[in-house]
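These are my notes on one model, taken while going through its helix packing, its sheet and its aromatic side chains.

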Amino acid sequence: FAIISPLHLNGEGTNLDHGFAFHLEKHGINPQKLDVTIEVHFVNAAAWLVNPEVFRRVGGFDPLFNHYGEDDNLVYRIQYMGMRLGVVPAAVIFHDRNPKAELGIDPETEWRLFLARTSNPSVKLSGEIYRSFRKWLGTKYFLRFAFKLFSWISRIKRSRRYAKSPPIDYLYIKNNTI
């Protein structure tokens, strides 16, 4: 596995973290009934164990993302390169995040997730843009989204190119270490 993650419990440890549970349930996975490492399609970066060689191979985190979307983007690139993700149900962490995060996604976070989807080299760029335009059409954020997209399209295309052939400058390398 390129990434291994423990189960993510909520801050009190009483349930699975809502974001973690969402991604597993979407694929019909109930990790609490398993005792072996299971392959998953996505796991957020709250507690990843990653071999440094994986970062070297995919180029590390894309500087296009500073928070939100960075894990989506890295996972897309890892999967594009044919590597897998796993969850170890025998290990747990407490993901103590703001309860307001469960109430919905703000426009800036939605933008970051849009960037993660459009920078995925495995998806059709025009399809993602069309889908997002339809989603934002008629909202008070539509013009902001449209202008932002226009100004960011070259960065999105560069990110897609780099995902296929990562440049070394994604990584901060000092004395040949990550």
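**Helix contact.** The model is a predicted one. I began with the residues that join two helices. On the α4 side I listed P107, E108, W111, R112, F114, L115 and T118; on the α6 side they meet R144, F145, K148, L149, W152, I156 and R160. Sorting the residues of this contact by type, I got 8 nonpolar, 1 polar and 5 charged.

I then looked up the geometry. Helix α4 covers residues 107-118 and helix α6 covers residues 142-164. Their axes come within 10 Å and cross at roughly 35°. I noted the hand of the crossing of α4 and α6 as right-handed.

**Aromatic pairs.** How many aromatic pairs does a search of the whole structure find? My search returned 10. I wrote down W111 with W152, an edge-to-face pair with 5.8 Å from centre to centre and 85° between the planes. W111 belongs to helix α4 and W152 to helix α6, so this pair ties together parts that are 41 residues apart in sequence. Both W111 and W152 also appear in my list of residues where α4 meets α6.

Are W111 and W152 buried or exposed? I found W111 buried, and W152 is buried as well.

I also recorded W136 with Y141. This aromatic pair is edge-to-face, with 5.8 Å between the centres and 85° between the planes. For burial I checked each partner against the cut-offs. W136 has 9% relative accessibility and therefore counts as buried, since buried means under 20%. Y141 has 26% relative accessibility, so I entered Y141 as partly exposed, the class between under 20% and over 50%.

**Aromatic cluster.** Next I asked which residues form one aromatic cluster with W111. The members are W111, F114, F133, W136, Y141, F142, F145 and W152. The two pairs noted above, W111 with W152 and W136 with Y141, thus have their residues in one cluster. F114 of α4 and F145 of α6, also in the cluster, are among the residues of the helix contact.

**Sheet.** Last, I turned to the strands. I found an open sheet of 4 strands in the order β2-β4-β1-β3, and the pairing is mixed. Which strands are at the edges? They are β2 (38-40) and β3 (49-50), each of which pairs on one side only. I followed β2 to its partner: β2 and strand β4, residues 85-95, pair in the antiparallel sense over 3 bridges. For I38, I noted V87 in β4 as the bridge partner.

Technical notes: Residues are numbered from 1 along each chain as its sequence is written. This is a predicted model: local features need pLDDT of at least 70, side-chain atom pairs count only at pLDDT 80 or more; totals for chains, interfaces and linings use all residues. Side-chain values use heavy atoms; hydrogens and water are left out. Axes are lines fitted to C-alpha atoms, for helices over the stretch in contact, and angles run from 0 to 180 degrees between N-to-C directions. Helices (H or I, at least four residues) and strands (E, at least two) are DSSP runs, numbered from the N terminus. A crossing is left-handed if the near helix is turned anticlockwise from the far one by less than a right angle, and right-handed if clockwise. Contact means heavy atoms within 4.5 Å. Ala, Val, Leu, Ile, Met, Phe, Trp, Tyr, Cys and Pro count as nonpolar, Asp, Glu, Lys and Arg as charged, and the others, Gly among them, as polar. Two strands pair if DSSP finds at least two bridges between them. Rings of Phe, Tyr and Trp (its six-membered ring) pair if their centres lie within 6.5 Å; planes under 30 degrees apart count as stacked, over 60 as edge-to-face and the rest as tilted. Buried means under 20% relative accessible area, exposed over 50%, partly exposed in between (1.4 Å probe, protein chains only).
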